[in-house]
Amino acid sequence: QVQLVESGGGWVQPGESLRLSCAASRSIFSIDRMGWYRQPPGKQRELVATITRSGSANYADSVKDRFTISRSYGKNTISLQMNSLKPEDTAVYYCNAEQISVYWGQGTQVTVSS
């Protein structure tokens, strides 16, 4: 098993940046894929970005060229750098890990509003 704890959410104005982090309770070296999902108000949870053990990244079309996912084996964390934020990026952001089972963090709120 692995516990995931997200941090870094908050309120920003459109065009600003935020960096989310997800700390795992153990080594992430063997975890096949980790990622970020989000749930906007009144909508279903959706994929934001994933990264495999080999470092291959995948992004939702809506965040390509604005968001960057990264993985730090030394710190057992993954991060999501979010630039040029838009109001439609407002959501609860969840960290995810897949290794036979699927694990989720508790989520962190990101609000983009002027």
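Trainee: Which residue stands opposite Ser21 in β8?

Mentor: Bear in mind that we're looking at a predicted model. Strand β3 covers residues 18–24, and β8 covers residues 77–82. The two run antiparallel, joined by 6 bridges. Opposite Ser21 in β8 stands Ser79.

Trainee: And what is the bridge partner of Leu4 in β3?

Mentor: Here β3 pairs with strand β1, residues 4–7. That pairing is antiparallel too, and it runs over 4 bridges. The β3 partner of Leu4 is Ala24.

Trainee: Which residues make up the covered face of β3?

Mentor: Let's take the other face as a start: Arg19, Ser21 and Ala23 are on the uncovered one. Cys22 is buried, and it belongs to the covered face. That covered face consists of Leu18, Leu20, Cys22 and Ala24.

Trainee: Which cysteine is joined to Cys22 by a disulfide?

Mentor: The structure holds 1 disulfide, with an S to S distance of 2.0 Å. It links distant parts of the chain, from Cys22 in β3 to a cysteine in β9, 73 residues apart. Both cysteines are buried. The partner of Cys22 is Cys95.

Trainee: Is that disulfide of Cys22 and Cys95 left-handed or right-handed?

Mentor: Look at the torsion about the S-S bond, which is about -80°. The sign is negative, so the disulfide of Cys22 and Cys95 is left-handed.

Trainee: How are the rings of Tyr94 and Trp104 arranged as an aromatic pair?

Mentor: A search of the whole structure finds 3 aromatic pairs. For Tyr94 and Trp104, the centres are 6.5 Å apart and the planes make an angle of 90°. Planes over 60 degrees apart count as edge-to-face. So with 90° between its planes, this pair is edge-to-face.

Trainee: Where in the chain do Tyr94 and Trp104 sit?

Mentor: The pair links distant parts of the chain, with the two positions 10 residues apart in numbering. Tyr94 is in strand β9, residues 91–99, and Trp104 is in strand β10, residues 101–104. In short, the strands are β9 for Tyr94 and β10 for Trp104.

Trainee: Is Tyr94 buried or exposed?

Mentor: Try Trp104 for contrast: at 36% relative accessibility, that residue counts as partly exposed. Tyr94 has 12% relative accessibility, and the cut-off for buried is under 20%. Tyr94 therefore counts as buried.

Trainee: Which residue forms one aromatic cluster with Tyr94 and Trp104?

Mentor: We already have Tyr94 and Trp104 as an edge-to-face pair. The cluster takes in those two and another tyrosine. That residue is Tyr37.

Trainee: How far is the charged end of Arg45 from the centre of the Tyr94 ring?

Mentor: Arg45 has two of these rings to deal with. It lies over the face of Trp104, at 4.5 Å from the ring centre. Its charged end also sits over the ring of Tyr94. For Tyr94, the distance to the ring centre is 3.7 Å.

Trainee: Which residue meets Arg33 in a salt bridge?

Mentor: This is one of 5 salt bridges in the structure. Arg33 is in strand β4, residues 33–39, and its partner is in β9, 65 residues apart. Arg33 counts as partly exposed because its relative accessibility is 34%. The N to O distance is 3.0 Å, and the partner is Glu98.

Trainee: What about Arg38, is it buried or exposed?

Mentor: Arg38 forms a salt bridge with Glu46, with the closest N and O atoms 2.7 Å apart. Glu46 counts as partly exposed at 30% relative accessibility. Arg38 has a relative accessible area of just 3%, so this residue is buried.

Trainee: How far apart are N and O in the salt bridge of Asp61 and Lys64?

Mentor: Asp61 is exposed, with a relative accessible area of 66%. Lys64 counts as partly exposed at 41%. Their side chains meet with an N to O distance of 3.2 Å.

Trainee: Which residues are joined into one network by salt bridges that share partners?

Mentor: Start from the Arg38 and Glu46 salt bridge. Shared partners extend the network to another arginine and an aspartate. The members are Arg38, Glu46, Arg66 and Asp89.

Trainee: Last one: with which residues is Ser84 in contact, leaving aside neighbours within four places in sequence?

Mentor: Ser84 is in the loop between β8 and β9, and it is partly exposed at 40%. Its C-alpha atom is separated by 22 Å from that of Lys43. The contacts of Ser84 are Gly15, Glu16, Ser17, Arg66 and Asp89.

Terms used: Residues numbered from 1 in each chain as written. Predicted model: local features only at pLDDT ≥ 70, side-chain atom pairs only at ≥ 80, totals over all residues. Heavy atoms only, no water. Phe/Tyr/Trp six-rings, centres within 6.5 Å; stacked < 30°, edge-to-face > 60°. Buried < 20%, exposed > 50% of the residue type's maximum accessible area, 1.4 Å probe, protein only. Lys NZ or Arg CZ within 6 Å of the ring centre and 35° of its normal. Disulfide = S-S within 2.5 Å. Pairing = 2+ DSSP bridges. Salt bridge = Lys/Arg side-chain N within 4 Å of Asp/Glu carboxyl O. Contact = heavy atoms within 4.5 Å.
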